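Q: Could you walk me through this model and tell me how each label gets earned?

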Amino acid sequence: GTVLASRAADVILLNDDLLRLPQAVRLARATARTIRASVAVAIAIKVGAMVVALLGYVPLWGAVVVDVGSLLAVAAVGTSILHARVWDDDSSPGRRANISDGHGPEAQGGTWQV
């Protein structure tokens, strides 16, 4: 039963601390924003490199180098979410969360208390 439920679930809470659920939501939103931005940048760079190469301003190998460089840059930006301090072990009630989606109490001058 537990294995089937965990495979069907969108989110699995591994402890009884429900105060960490807002952290998970903020992390998910930050991840989604990072993915959307990375895909947009990667597509723009690839299209730009293709157009410049087709017009003959840059040799094909130059376009390939730009394409690989954009891939590495997007991967580096994607790993930035791993460094978010949302899941620190010293998170306790009363500590401020470090990821903001701009819609919580900090947008009105308050702070998240998780």
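Q: How many salt bridges does a search of the whole structure find?
A: Just one salt bridge turns up, and keep in mind that this is a predicted model. The pair links distant parts of the chain, with Asp67 sitting in helix 3 and Lys46 in helix 2, 21 residues apart.

Q: What makes Asp67 and Lys46 a salt bridge?
A: The closest N and O atoms of Asp67 and Lys46 are 2.4 Å apart. The cut-off is a Lys or Arg side-chain nitrogen within 4 Å of an Asp or Glu carboxyl oxygen, so the pair qualifies. As background, side chains of opposite charge can pair when their charged atoms come close.

Q: Why is Asp67 called partly exposed?
A: Asp67 has 28% relative accessibility. Buried means under 20% and exposed means over 50%, so Asp67 lands in between.

Q: And how do you know which label Lys46 gets: buried, partly exposed or exposed?
A: Lys46 has a relative accessible area of 39%. That value also falls between the 20% and 50% cut-offs, so Lys46 is partly exposed.

Q: Why is Leu55 called exposed?
A: Its relative accessible area is 58%, and exposed means over 50%, so Leu55 makes the cut. You'll find Leu55 in the loop between helix 2 (21-54) and helix 3 (60-78). Also just after helix 2, Gly56 takes a positive phi of about 85 degrees.

Q: What makes Leu55 eligible for a nonpolar surface patch?
A: A patch residue needs over 30% relative accessible area, and Leu55 has 58%, so Leu55 clears that bar. The patch covers about 760 Å², and its other members are Ile35, Val39, Ile43, Val47, Val51, Val52 and Tyr57.

Q: How do you know how helix 2 compares with the expected span?
A: Helix 2 has 34 residues and runs 49 Å from its first C-alpha to its last. The expected figure, at 1.5 Å a residue, is 50 Å, and the helix comes close to that.

Q: Which residues of helix 2 are buried, and what do they pack against?
A: The buried ones are Gln23, Arg26, Leu27, Ala30, Thr34, Ser38, Ala42 and Ala49. The buried residues of helix 2 pack against helix 3.

Q: What makes the chain pattern α-α-α?
A: The chain has three helices and zero strands, and reading along the sequence gives α-α-α. Of the 114 residues in the chain, 16% are buried. The chain exposes about 8,300 Å², with carbon and sulfur atoms supplying 67% of it.

Technical notes: Residues numbered from 1 in each chain as written. Predicted model: local features only at pLDDT ≥ 70, side-chain atom pairs only at ≥ 80, totals over all residues. Heavy atoms only, no water. Patch = residues over 30% accessible without salt bridge, like charges linked within 9 Å, V, L, I, M, F, W, Y side chains within 5 Å. Areas by Shrake-Rupley, 256 points an atom, 1.4 Å probe, with all protein chains shown as cover. Helix = DSSP H or I, 4+ residues; strand = E, 2+ residues; numbered from the N terminus. Buried < 20%, exposed > 50% of the residue type's maximum accessible area, 1.4 Å probe, protein only. Expected span 1.5 Å × (residues − 1). Contact = heavy atoms within 4.5 Å.
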